[in-house]
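Here is a quick tour for anyone opening this structure for the first time. Have the sequence and the 3D view ready, and we'll go from the metal site outwards.

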Amino acid sequence: MACLAAGVAALLLATSAEAQVIASRIWPARDYTRLTIESKSEIKYEIFSVKDPERLVLDIETEMAPALSELDGKVAADDPYIKGLRVARNRPGVVRVVLDLKTEVKPQAFTLSPIAEYGHRLVLDIHPLVAADPLAELIAQGAAKPEAPAVPAPEKPAAVARLATIVIDAGHGGEDPGAIGKRGTREKNVTLMIAKRLKALIDAEPNMRALLTRDGDYFLPLNTRVDKARQVRADLLVSIHADSFKRSNARGSSVFALSERRATSEMARLLAQKENQSDLIGGVSLAGQASYVKQTLLDLSQTATIDYSLRLGNSVLQRLGAVGELHKARVEQASFAVLKAQDVPSILVETAFISNPQEEKRLNDRGYQDKLARALLDGIRDYVAKHPPRPGSPVALN
Ligand SMILES: [Zn+2]
């Protein structure tokens, strides 16, 4: 036991009742792997790091439950951080989870209060010591890009093509399923499928390249999505969604930009409110709470960015209108946290209403997903043709 005292990062929460564990989940991803333990009441826990070999020890004040013993079977072979996991009763009222790690990590544990479909949650996020750099990823991708513009002829040095960097954000993910249709379609899955199709289409364009904020089923806080776009100095960001509305006959695509003040319609306001709840449902530690959500004062550069966002939104809306029905014929505005990158024109596209049974069916159709992705590509292409990439972009010249 003495060795366990090394590198102790003990976090204790004051609760008396023993928490009954009702579910456990692991969300592996390159960004970070998350382990969630859901219980009927708040969980009291302690976490230790142990070296040689690298391990994390999580002591939970609870009795053994099927939802806990199932955990070891849930570690994916390709989990970037967890090699294996053991769960055993340590002493009366305490269950110990030992995680064998593949590498040294930066753990972060916190609890979440019940929200939406979830009870109390204990979350253990296993981050890499050094976070992956999206810019490096993009440059590596660019190096492998066969369509990269050829070296210009010597007599025309100014004709070097610039690659526009498009950040595609698949809404929701992991613990946050987003809206759920009557047939059980989850928004987070539909958004990822459309995002991946759009990325493939953009990467095939000679003057553009795309970066996905997430490429798997895991949760990303809204500010992390914004940060990724800023880190690569994106030329634009498109956040893809398929939301629900209380009236199941609501239908058609909508496009949103950030609003400096109030929302342009009650529905836009409600949607922004719901989207901004993503962090609460998906689970973000208070310590890492972003300022974007609370940000209320916008400066002049943001005003200019919103103007470009509206132009981008209009281009995309026109193309969406050409392939399907529109919910609103103009770009709407509200205070969406994911659109708050101060210097990156950003839009949120609600591709269709997952709450509308007909549209839910279509959203699962590959042909329809492709049609949506192509319309998004066309809209982006129209915008980029009018607003070429900024010279300041570190990846624009290639
Ligand atoms: Zn959404």
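Donors here are N, O and S atoms within 2.8 Å of the metal, and since water is not among the atoms, a site may look incomplete. With that in mind, the donor residues of the zinc ion follow the spacing H-x14-E-x53-H-x1-D-x31-E along the sequence. One thing to keep in mind throughout: this is a predicted model.

**The zinc site**

Which atoms hold the zinc ion? His 172 gives its NE2, Glu 187 an OE, His 241 its ND1 and Asp 243 an OD, while Glu 275 is listed with two OE entries, and the distances run from 2.1 to 2.8 Å. The arrangement counts as irregular because the six donor atoms subtend angles of 50 to 169 degrees at the zinc ion. For reference, six octahedral donors would ideally sit at 90 or 180 degrees.

Take His 172 and Glu 275 from that set. They join distant parts of the chain, being 103 residues apart: His 172 is in the loop between strand E9 (164-170) and helix H3 (187-203), and Glu 275 is in helix H5 (residues 266-276). Buried or exposed, these two, His 172 and Glu 275? Both are buried.

**The chain as a whole**

Stepping back, the protein chain has nine helices and 14 strands. It is 398 residues in length, and 53% of them count as buried. Among its contacts with a separation of 6 or more, 76% are between residues 24 or more positions apart.

**Two helices that cross**

Now back to H3, and its meeting with helix H9 (residues 366-386). Their axes come within 9 Å and cross at roughly 50 degrees, so H3 and H9 are oblique to each other. The crossing of H3 and H9 is right-handed. On the H3 side, the residues that meet H9 include Met 193, Ile 194, Leu 198 and Leu 201. On the H9 side, the residues that meet H3 include Leu 372, Ala 373, Leu 376, Leu 377 and Ile 380.

**A buried glutamate**

Glu 332 sits in strand E13 (residues 332-334). Its relative accessibility is 2%, which is why Glu 332 counts as buried. Leaving aside residues up to four places away in sequence, Glu 332 touches Val 255, Phe 256, Ala 257, Thr 264, Ser 265 and Ala 268.

**Some backbone oddities**

Most residues other than glycine have a negative phi, and most peptide bonds are trans. Here are two residues with a positive phi:

| Residue | Phi |
|---|---|
| Asp 52 | near 50 degrees |
| Arg 233 | near 45 degrees |

Asp 52 lies in the loop between E3 and E4, and with 72% relative accessibility it counts as exposed. The peptide bond from Asp 52 to Pro 53 is cis, with omega near -10 degrees. Pro 53 is in the loop between strand E3 (45-50) and strand E4 (55-61).

Where is Arg 233? Look in the loop between helix H4 (222-231) and strand E11 (236-241); the positive phi of Arg 233 comes just after H4. At 45% relative accessibility, Arg 233 counts as partly exposed. Inside H4, by contrast, there are buried residues, among them Leu 222, Val 226 and Ala 229.

How values were computed: Residues numbered from 1 in each chain as written. Predicted model: local features only at pLDDT ≥ 70, side-chain atom pairs only at ≥ 80, totals over all residues. Heavy atoms only, no water. Donors = N, O, S within 2.8 Å, 3.2 Å for Na, K, Ca; no water. Tetrahedral: all angles 85-135°; square planar, octahedral: opposite > 155°, others 65-115°. Helix = DSSP H or I, 4+ residues; strand = E, 2+ residues; numbered from the N terminus. Buried < 20%, exposed > 50% of the residue type's maximum accessible area, 1.4 Å probe, protein only. Axes fitted to C-alpha atoms, helices over the stretch in contact; angles between N-to-C directions. Parallel < 35°, antiparallel > 145°, perpendicular 65-115°, else oblique. Left-handed = near helix turned anticlockwise from the far one by under 90°. Contact = heavy atoms within 4.5 Å.
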